[in-house]
Amino acid sequence: MNVAQTLPLIVATPLSGAAVLVGAGRRLPRYAAEMLGCLFAAGAATLALCASAATPSSTARPVEWLGGWRPHGGASVGIVLVGDRIGLGLAALVSLLALAALAYAWRYFAEPPRRHAGSFPALVLLFQAGMCGFSLTGDLFNAFVFFELMGVVAYALTGYRVEEARAVQGALVFALVNSLGAYTTLLGIGLLYARTGELGLAQIGSALDAHPGGPDALVIASFVLVVTGLLVKAAAVPFHFWLADAHAVAPTPVCMLLSGVMVELGLYGTARVYWTVFAGPGGIPAPAAHRALLALGVLTAVLGAVMCWQQRHLKRLLAYSTIAHTGMFLVGLAVLTPEGLGGVALYVLAHAGVKAALFACVGILLDRFGSVDELQLHGKGHELRWAGALFGVGGLALAGLPPFGTALGKAVIEEAAGGWATALCVLVSAATGGAVLRAGARVFLGLGPVPESAAPESRPADDDAAAAEETTGKEEEPETRGGRLSRIPDSMLVVPTALLAGALAVGLVPALRTGIGRASDAFTDHAGYVTAVLYGRAAEPTPTPPPHWSVAGVLWGLLATALAAALALLAVRRPGRREPTRWATPLRRLHSGHVGDYVAWFLAGITLLAALIV
């Protein structure tokens, strides 16, 4: 079996596992269902890793036309999967993180009596299949189908604890906002089909290249609509409002997947659609794409960092840090060069491990103490030494401490974007890493004044800001069987340890950096992609220097880490605030939890994106 023939199996393996678990889950004991889920997830990960390793070179693009419907003379009606190194690497990352989430939840996840043992692992496998299919598809409509499969399952996973009203509300907000994004993407696909008569990425790109006079209004509108739906999944400002609400109510293993890979898939889709469809002479001019991605990236990074620092609900804190790092990823993509993309790829790999590990540690606190409130948990984590150490290491990695892969990715983005981008990345990393370190110092080390536990929760009675944003994380329902944990299962500690080790390896393995550099060259080669998919001819792009450590990058990473530690120490010396600072109140009021407000901001975001492109 060659590499191309492996591509459908990467998607089919978790789909088959989900079907088996749905059909046999009621008859299987819980440990058997969970073991089967892990085996199917691991099978897809193994296939993706083997396919990536067997690819002849980092610039090769194995192509599989399903059903043998190969193109003739550049025209085709078939469905195609394209296995370039970036797509295969993302499929492998998705599968490994799905395996980590299932292993973390192994034999501990609380299930209502009416729900059979295979329900949760089956949903995770469906989620994995949708994400893998999206990573590998070379067809825009099928990308939409896989993306919506992923979205529908994500709604179900977010509201998995359907017996709780908050979980249902968070899932409904998630579903409504992301459904609006799906409708805009589908409308954009329809406009592209009307313009070109094609649905394949390579075919659309080739058709647009045949009209080199620049984009017309229809092409610009289609780009704005398609990218809007992708940026909703990526939680870019102002499409980000659903993310924190979803993370606050989703089970911990689900949060590991949402922040670890689903958000990043929105960024991957944006980059893929731009480079394969709109990067040619008939697409969107590079200055317009640069301006749009850069503006949204800066806005996302700054707002995410500010909101992250203001949180005391630990899941919301980590959710807003994801938004802040999404902004940094967008800044890297906005450079529109292989160097910028390589930095983003490294950052995404390491960030997935770090963020999933941090959520895993928060899950331990939730299931031990029934709370994710930073102030209420003050000093209670003393006994959880290993979890506290992992949480602290995760905070340092998030801040950009060398030699973690997050520091390397940040350094490469800073070098590619230049000048002021360095200051932005340092400050955002310091704020998000400092927020995590502040929470860790209070919870696990007991530093700072002890908050008054008897003090009433301060919230303006007439301010609906309310309702969703001011939740603190007190009195949460544990996710483990039998209520709160008396002993932490080994799986809940092994998983975050392995994830952080993987994030460290991203920064230390030279071959990984070299491979990502070559793969980024191929990913940004618009003409090479079209030629490989439609005509089966591989072309070597002009090589660029691969991502590498630099003295400046290391020093900036150390500075960001030092700033994060200093901010954390200054914050814990002051009493924890039970209400937002005055200057942050307007921002928090924007995050009202009201779906109508979020829809209004969604429409404003489309308008802003269109204005930046035009």
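Is Gly-200 buried or exposed? Gly-200 has a relative accessibility of 5%, so the residue counts as buried (buried means under 20% relative accessible area, exposed over 50% and partly exposed in between, with a 1.4 Å probe and protein chains only). Before we go further, please keep in mind that this is a predicted model, in which local features need pLDDT of at least 70, side-chain atom pairs count only at pLDDT 80 or more, and totals for chains, interfaces and linings use all residues. Residues are numbered from 1 along each chain as its sequence is written, and side-chain values use heavy atoms, with hydrogens and water left out.

Let us stay with Gly-200 for a moment. You will find Gly-200 in the loop between α6 and α7 (helices, H or I of at least four residues, and strands, E of at least two, are DSSP runs numbered from the N terminus). Leaving aside neighbours within four places in sequence, Gly-200 is in contact with Gly-138, Asp-139 and Leu-140, where contact means heavy atoms within 4.5 Å. Gly-138 is 62 residues away in sequence, yet its C-alpha lies 6.1 Å from that of Gly-200.

Now step into helix α7, residues 201-209, where the buried residues are Leu-201, Ala-202, Gln-203, Ile-204, Gly-205 and Leu-208. Their cover includes β1 (63-65), α5 (140-158), α6 (165-196), α8 (217-234), α10 (252-278) and α20 (526-535). Turn to α20 and you meet a mostly covered helix, with seven of its 10 residues buried. Those buried residues are His-526, Gly-528, Tyr-529, Val-530, Ala-532, Val-533 and Leu-534. Among the elements covering them are α7 and α10, along with β1 and β2 (80-82). Just after α20 comes Gly-536, with a positive phi near 70°.

Val-533 also turns up in the largest nonpolar core (a nonpolar core is a set of buried Ala, Val, Leu, Ile, Met, Phe, Trp, Tyr and Cys residues joined through side-chain atoms within 4.5 Å). Of its 187 residues, Ile-10, Phe-127, Trp-242, Phe-278, Ile-284 and Val-533 touch the most other members. Helix α13 (residues 338-369) supplies the largest share of this core, 20 residues. For a look at one of these residues, take Phe-278: not counting residues up to four places away in sequence, Phe-278 touches Leu-192, Leu-208, Val-219, Ser-222, Phe-223, Val-273, Gly-283 and Ile-284.

Next, how do the helices pack? Helix α4 (residues 119-136) and α5 pack at about 155°, with axes 8 Å apart; axes are lines fitted to C-alpha atoms, for helices over the stretch in contact, and angles run from 0 to 180 degrees between N-to-C directions. That makes α4 roughly antiparallel to α5 (under 35 degrees counts as roughly parallel, over 145 as roughly antiparallel, 65 to 115 as roughly perpendicular and the rest as oblique). The crossing of α4 and α5 is left-handed, meaning that the near helix is turned anticlockwise from the far one by less than a right angle, while clockwise would be right-handed. The α4 side of the contact includes Phe-120, Leu-123 and Phe-127, and the α5 side includes Phe-146, Phe-147 and Met-150.

A second pair to find is helix α12 (residues 314-334) and helix α16 (residues 420-444), whose axes come within 10 Å and cross at roughly 165°. These two helices are therefore roughly antiparallel to each other, and their crossing is left-handed. Among the residues making the contact are Leu-314, Ala-324 and His-325 of α12 and Cys-425, Thr-432 and Arg-438 of α16.

Ala-324 leads us on to Thr-300, since Ala-324 is one of the residues in contact with Thr-300. Thr-300 is found in helix α11 and is buried, with a relative accessible area of 0%. Its side chain reaches the backbone oxygen of Leu-296 at 2.6 Å; a polar contact is a pair of N or O atoms within 3.5 Å, where within protein one must be able to donate a hydrogen and the other to accept it, and residues adjacent in sequence count only if both atoms are side-chain atoms.

Arg-291 is also found in helix α11 (residues 286-310). Arg-291 is partly exposed, with a relative accessible area of 37%. Not counting residues up to four places away in sequence, Arg-291 touches Leu-612, Ile-613 and Val-614. A polar atom of the Arg-291 side chain lies 3.4 Å from the backbone oxygen of Ile-613.
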